Amino acid sequence: MKELTIEATPENVDTVIEFVDEQLDEYGCGFNEKMAIDVAVDELFANIAHYAYNPDTGYATVRVDVIKEPLSVEVTFIDNGKQYDPLAKSDPDITVDIEDRPIGGMGIFIVKKSMDAVKYEYKDGKNILTIKKKLQ
Amino acid sequence: MTVNTQKDGTKLTVTVDGKLGTSSAPELEKAVKDNLAGITELVFDFAGLEYMASAGLRILMSSAKVMKKQGSMRILNVRQPVMDVFTFTGMADVLDIRPA
């Protein structure tokens, strides 16, 4: 288990992705799985950076756990910001024509689709969001 | 991420390499916006694109809305992780996307 606590700003998204990638590389994570996890980390950390403490700033902790049998990785995002469950939002309608399609609202939906499990809890004043992806 | 734009008459080719996410999306958005006037054929070449998050998807959606009025838009050489994002979001059904 490794964790990183860092100011939740959009500028720090890349630092967080690099931190997660370092752990994934240690376990020989495949390219496609790694890219899927990177996208999820981008979406979730950017969400915290944009909304959790707005208009103030604050910190977030990102924790990476590797689980054996089956080999999988869990990434947990913890912040002390406003209570917010991103999974509660209803999924976007992805069948409408391009003209009528809203530009945003796809981030969390992509995470739900690409990860094997996504879990949210609010505990002791903290938002705790965990994603899990099998590496094989 | 690196972005290259190439104009050939009314055709614009935008080549994107690396990772297209929250930190890099504004650069691509500007590159497209600055060059889109008068374009009838817009081509994105994603051969070197490793991943795309929703910040990148937003740019493609708004570009597609503009090109629906102005002409055509194609996305070429899309690798698996990026194709997955297009598939998950239903974009693969409404945009002209070709795999690598």
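Strands β2(A) and β3(A) form a hairpin with four residues between them. In its turn sits Glu69(A), with a positive phi of about 55°. This is a predicted model, and the hairpin is a friendly place to start before moving on to the meeting of chains A and B. There, 26 residues of chain A and 22 residues of chain B take part in the contact.

**Strands of chain A**

- The hairpin strands, β2(A) with residues 59-67 and β3(A) with residues 72-79, run antiparallel and are paired over eight bridges.
- To find this pairing in the structure, look for Val64(A), which stands opposite Val75(A) in β3(A).
- β2(A) also pairs with β1(A), residues 2-7, again in the antiparallel sense, over six bridges.
- For that second pairing, Thr5(A) is a handy marker, as it stands opposite Thr61(A) in β2(A).

**Chain B's side of the contact**

- On chain B, 22 residues belong to the contact with chain A.
- Three elements each give two or more residues to this side: β4 (49-52), α2 (54-70) and α3 of chain B.
- Of these, α2(B) gives the most, with eight residues.
- Sorted by class, this side of chain B has nine nonpolar, eight polar and five charged residues.

**Helix α2(A) against helix α3(B)**

- Two packed helices are described by the angle between their axes and the distance between the axes.
- For α2(A), residues 31-52, and α3(B), residues 80-88, the angle is about 50° and the axes are 9 Å apart.
- These two helices are therefore oblique to each other, and their crossing is right-handed.
- From α2(A), the contact is made by Asn32(A), Met35(A), Ala36(A) and Val39(A); from α3(B), it is made by Gln80(B), Pro81(B), Asp84(B) and Val85(B).
- Five of the residues in this contact are nonpolar, two are polar and one is charged.

**Helix α3(A) against helix α3(B)**

- α3(B) also meets α3(A), residues 107-114, where the axes come within 10 Å and cross at roughly 110°.
- With that angle, α3(A) and α3(B) are therefore roughly perpendicular to each other.
- The crossing of α3(A) and α3(B) is right-handed.
- On the chain A side you will find Ile110(A), Lys113(A) and Ser114(A), which meet Asp84(B), Val85(B) and Phe88(B) of α3(B).
- This contact has three nonpolar residues, one polar residue and two charged residues.
- Asp84(B) and Val85(B) are good residues to keep in view: they take part in the contact with α2(A) and also in the contact with α3(A).

Notes: Residues numbered from 1 in each chain as written. Chains lettered and ligands numbered in written order. Predicted model: local features only at pLDDT ≥ 70, side-chain atom pairs only at ≥ 80, totals over all residues. Axes fitted to C-alpha atoms, helices over the stretch in contact; angles between N-to-C directions. Parallel < 35°, antiparallel > 145°, perpendicular 65-115°, else oblique. Left-handed = near helix turned anticlockwise from the far one by under 90°. Contact = placed C-beta atoms within 7 Å. Nonpolar A, V, L, I, M, F, W, Y, C, P; charged D, E, K, R; others polar. Pairing = 2+ DSSP bridges.
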